[in-house]
Amino acid sequence: VGCHDLQPADKEGFLTKQGGSYKSWKRRWFILKDANLYYFKTKKDVDFTGVIPITKESFVKREPNSKKKNCFAVGTAKRVFFLHPDADTPEDADDWIRAITETLCSLGAPKNVPVPSPGSTLTVRKETLRTSHTPVLTGKSMPNKLTGGREALTRAKEFISFITPGSPFLDLWETWMESIPTVHNNGVETNFCFEVAVSVSLERVIWRSSGPQPDFVIELVDFFWNAGAPETEIDRFNDIGASLHPDIIGSWIDMSKKGGADGGWYFPVEHPMRLSLEASDSGPALTKLMHWLQSQSVDRCHYLSRDMGPEPPRQTEIKFQLPGTLDAQIAQCHSAYSTFNIPVPSTVLTYIQQQPPSESLCMSVVTCAEGIVKLGLIVPHPSPNFSKTLFEFVGNDGRKIKKIEKKMGIDLPLYAELLYLKEGFGYDTYQEGFDVMIHYFVGEEQA
């Protein structure tokens with residue numbers, strides 16, 4: 001059904017609608033017709049984006065306590081929709097309320113319908129999702145002298161040589177930092193977590209911050225809007241969030257000395273692997289990854305991330321724990337390197353067999369429509385000797401890493417990642433081949 005098919009309309013015009021699970025606001029063209037309130041991205045669309053069914057159990061009312069001027073609510077059996085018109089005057093909202101009320105009356109609806117609490121419209125599916133406590137995702141168990149994550153990130157930034165005054169990297173970093181919400185003491189326990197990952201050469205750095213979805217989502221969406229993320233990716237973020245219902249979300253930025261810069265969102269929560277695969281771009285690479293995961297009985301994902309850059313191809317990253325004994329995990333690593341046509345880091349795998357880590361091995365995989373982008377071997381809470389083995393494998397002595405750890409006041413890494421970026425996906429701005437990234441939990445803010 002398109003806009004043209006709904007003429008003559010009972011009423012039509014632009015309204016701005018709040019999302020469901022994700023409370024971002026989107027301007028849409030609405031058409032009221034035959035007890036349905038359709039909405040479209042433009043007034044020339046040939047198919048509707050969504051529809052709000054009006055039944056005699058529905059309601060419409062003003063929302064005087066909303067932060068949005070002239071906001072009103074349309075309630076159905078499943079959800080309450082919050083809308084506001086473009087005009088600053090209340091008359092436009094009144095016109096919509098009047099038109100919807102007339103539709104309700106024609107259906108025999110009662111004049112006074114109780115309004116359900118907005119908070120009752122979101123149901124978190126606890127049976128398929130739980131906050132992850134795997135070493136890959138949380139630094140709560142790590143010894144750390146710091147509690148102020150922002151301060152630690154600032155100290156780390158001062159140690160990165162290519163983030164200098166006047167550089168685009170500094171502008172990106174400051175804009176991202178400003179987008180991180182402030183913890184408010186509203187009687188609800190809240191934790192904002194801060195992490196940083198640096199390459200052994202300090203020529204690449206990834207900054208991450210996460211917290212409760214209600215606190216983070218609006219600022220996160222605004223940050224990517226302002227950064228030029230396309231609307232289709234904002235919509236996709238909303239759709240994936242509605243599917244997973246993560247109680248924790250976060251944003252990240254990635255930069256390299258060669259000029260690389262990127263950013264995106266992530267969900268550091270455990271969920272069914274199939275939902276992560278549905279969030280990825282389709283293509284031969286995704287099919288190959290799906291078959292490999294099934295062959296290795298990997299059915300849970302502990303971290304899902306996607307970039308929000310203005311240009312495709314879009315990259316999606318998953319992180320997961322390898323099942324079984326250490327020998328089984330080593331075999332799975334060999335299988336992954338072979339399946340995805342990546343050289344086997346034999347020295348590293350031999351060391352792991354001889355000096356077993358304290359926790360299960362994990363892996364990370366990045367895909368896009370054009371192929372497998374990156375494969376990473378993750379060792380949680382690496383020992384100093386294992387870190388030294390990784391550094392030597394890529395021809396580095398690790399001295400710079402030790403200096404930045406001291407700068408941030410960190411005792412031990414959260415995890416070490418031996419990654420392999422496949423040829424053609426460095427885009428002349430990221431190092432291709434093997435590299436080592438050390439990931440740190442640097443602090444948190446609590447209320």
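The largest nonpolar core of this predicted model holds 86 residues, and W207 and F320 touch the most other members of that core. Helix α4 supplies the largest share of the core, six residues. Another core lies apart from it and has 19 residues, among them I52, F72, F81 and L104. The chain as a whole has 447 residues, of which 54% count as buried.

**Overall make-up**

- Eleven helices and 20 strands are found in the chain.
- Among contacts with a separation of 6 or more, 69% are between residues 24 or more positions apart.
- The exposed area of the chain is about 20100 Å², and carbon and sulfur atoms supply 51% of that area.

**Aromatic pairs and charges over rings**

- The model contains 17 aromatic pairs.
- One of them joins F192 and F216, with 5.0 Å centre to centre and 85° between the planes, an edge-to-face arrangement.
- F192 belongs to strand β9 (residues 191–199) and F216 to helix α4 (residues 213–226), so this pair ties together parts that are 24 residues apart in sequence.
- F192 and F216 are both buried.
- The ring centres of Y420 and F434 are 4.8 Å apart and their planes meet at 75°; because edge-to-face applies to planes over 60 degrees apart, this pair is edge-to-face.
- Y420 sits in strand β19 (residues 415–421) and F434 in strand β20 (residues 433–446), so the pair links distant parts of the chain, 14 residues apart.
- Y420 is buried, as is F434.
- F237, W265 and F267 form a cluster linked by ring pairs.
- Two charged side chains are placed over ring faces: R27 over F14, at 3.7 Å from the ring centre, and K319 over Y303, at 4.2 Å from the ring centre.

**Strand β18 and residue I372**

- Strand β18 covers residues 371–380 and includes I372.
- I372 counts as buried because its relative accessibility is 9%, and the cut-off for buried is under 20%.
- Leaving out residues up to four places away in sequence, I372 touches A285, F340, V365, V366, T367, K422 and F425.
- The C-alpha atoms of I372 and K288 are separated by 9.0 Å, while the two residues are 84 residues apart along the chain.

**Helix α10**

- Helix α10 spans residues 384–393, and F386, S387, T389, L390 and F391 in this helix are buried.
- These buried residues pack against two helices, α9 (346–354) and α11 (399–408), and against strands β18, β19 and β20.
- G395, just after α10, has a positive phi of about 75°.

**Helix α6 and residue S276**

- S276 is part of helix α6 (residues 273–279).
- The relative accessible area of S276 is 0%, so S276 is buried.
- A polar contact of 2.5 Å joins the side chain of S276 to the side chain of H271.
- H271 is also on the list of residues that S276 touches, together with C301, L304 and I318, when residues up to four places away in sequence are not counted.

**Backbone features**

- The peptide bond between Q7 and P8 is cis, with omega about -5°.
- P8 is in the segment before β1 (11–18).
- A35 is a residue other than glycine with a positive phi, near 65°.
- The loop between β2 (25–33) and β3 (36–40) holds A35.
- With a relative accessible area of 18%, A35 is buried.
- N341 is not a glycine either, and has a positive phi of about 55°.
- N341 is placed in the loop between α8 (326–339) and α9.
- N341 counts as exposed because its relative accessibility is 57%, and exposed means over 50%.

Note on methods:
Residues are numbered from 1 along each chain as its sequence is written. This is a predicted model: local features need pLDDT of at least 70, side-chain atom pairs count only at pLDDT 80 or more; totals for chains, interfaces and linings use all residues. Side-chain values use heavy atoms; hydrogens and water are left out. Helices (H or I, at least four residues) and strands (E, at least two) are DSSP runs, numbered from the N terminus. Buried means under 20% relative accessible area, exposed over 50%, partly exposed in between (1.4 Å probe, protein chains only). Contact means heavy atoms within 4.5 Å. Rings of Phe, Tyr and Trp (its six-membered ring) pair if their centres lie within 6.5 Å; planes under 30 degrees apart count as stacked, over 60 as edge-to-face and the rest as tilted. A charge sits over a ring if NZ of Lys or CZ of Arg is within 6 Å of the ring centre and within 35 degrees of the ring normal. A nonpolar core is a set of buried Ala, Val, Leu, Ile, Met, Phe, Trp, Tyr and Cys residues joined through side-chain atoms within 4.5 Å. Accessible areas come from the Shrake-Rupley method with a 1.4 Å probe; for residues, only the protein chains shown count as cover. A polar contact is a pair of N or O atoms within 3.5 Å; within protein, one must be able to donate a hydrogen and the other to accept it, and residues adjacent in sequence count only if both atoms are side-chain atoms.
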